[in-house]
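User: I am new to this structure and would love a close look at just one part of it. Could you walk me through it step by step?
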Amino acid sequence: MSKDAVFEKKHVVSVRDFSTSDIEIVLDRAEEMLPILGGKKEGNSLEGKILANLFFEPSTRTMLSFEAAMKRLSGQTIGFANPEVSSVKKGETLADTIRVASSYADIVVLRHPQEGAATLASKFSTTPVINAGDGAGQHPTQTLLDLFTIRKERGDISDNHIGIAGDLKYGRTVHSLTQALAMYDTELTFLAPSSLQMPREILRKLDEGGIQYWLKDDIGDAISELDVLYVTRIQRERFPNEEEYLHVASSYNINLETVENAKESLVIMHPLPRVDEISPEVDNTDYARYFEQAANGIPIRMALLELLLGVN
Ligand code: NCD
């Protein structure tokens, strides 16, 4: 059995579905997609395949990049970006929506506000389900593109001190990323106000794995040590009420002053969208890599789609 065969017809619900060698297979295959994106090679491996994008929550990058990835390989897409126009509005359950969508398409991509929605979908789907974000749970394909970006920009994923800043309580991108980084030899610093720190269950797993980490609330106390700074948005939509959100909103902002003591080689990442956590003045520095990071979503998703759809 070829190494790639382990992916065929599998669901991608959590980063825990991957080993480090699985991650390497996806990242290496993503590299192979670059000539197609550069117009140097034709991409037709997914001809005749259909992807269903089912987005029950807003999205720009994730939805568009799955669509673009599919089309770059000559596949097609169906779906909705707004559940208000689907039969969910009439009271249809997620299970029924998934049963039907999976009979129309070869692969289903689901974003949903409820944690666990992708796990449930995987039980009712007759085709692979990709979790494109389930509430505050997981966002595994974002993590793959984050790892791809770290490897590309730093040469390796291991041997980096990575600062993860922002809404670590509700942010699914940082939950997935932390669990993936725990499989490598990295040092981690979690930078957040104490009410938004990384959930205990995730920290417990780091303890079990012997990963070194620090909890801090001031980015200034860590910036000079970091090789990568991963910044996230405060997840307003996940707060129980507006008052709690306003209490921590705008609690930090990365600007030119913040990075004054940073290593010259510091890489700043952000899954986007940003609100006010990184000032636009940082965009023009050599630190900023968040737009390259977003672009990396295309080769990563092309690679993953080929692997799940059994293209060798
Ligand atoms: C993130 C998400 O949806 O979790 N966006 C993304 O997919 N790049 C981050 C966020 O919404 O803050």
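Let us start at the end of a helix: which residue follows α1, and what is the sign of its phi?

Analyst: Happy to help, and please keep in mind that this is a predicted model. The residue that follows α1 is G39, and its phi is positive, near 80 degrees.

Now step back into the helix itself. Helix α1 covers residues 20-37, 18 residues in total. From its first C-alpha to its last it reaches 26 Å, close to the 26 Å expected at 1.5 Å a residue. Several of its residues are buried, namely D22, I23, I25, V26, L27, R29, A30, M33 and I36. What covers these buried residues of α1? The cover includes α2, α5 (140-154) and α10.

Two of those covering helices also meet each other. The axes of α2 (residues 61-72) and α10 (residues 297-308) come within 8 Å and cross at roughly 60 degrees. The two helices are therefore oblique to each other, and their crossing is right-handed. On the α2 side, the contact is made by R61, T62, S65, F66, A68, A69, M70 and R72. On the α10 side, G297, I298, R301, M302 and L305 take part. Sorted by character, the residues of this contact are seven nonpolar, three polar and three charged.

So much for α1 and its surroundings; here is one more helix to look at while you have the model open. Helix α6 (residues 172-181) is mostly covered, with 10 of its 10 residues buried. Among them are R172, H175 and Q179, along with V174, L177 and L181.

Methods
Residues numbered from 1 in each chain as written. Predicted model: local features only at pLDDT ≥ 70, side-chain atom pairs only at ≥ 80, totals over all residues. Heavy atoms only, no water. Axes fitted to C-alpha atoms, helices over the stretch in contact; angles between N-to-C directions. Helix = DSSP H or I, 4+ residues; strand = E, 2+ residues; numbered from the N terminus. Parallel < 35°, antiparallel > 145°, perpendicular 65-115°, else oblique. Left-handed = near helix turned anticlockwise from the far one by under 90°. Contact = heavy atoms within 4.5 Å. Nonpolar A, V, L, I, M, F, W, Y, C, P; charged D, E, K, R; others polar. Expected span 1.5 Å × (residues − 1). Buried < 20%, exposed > 50% of the residue type's maximum accessible area, 1.4 Å probe, protein only.
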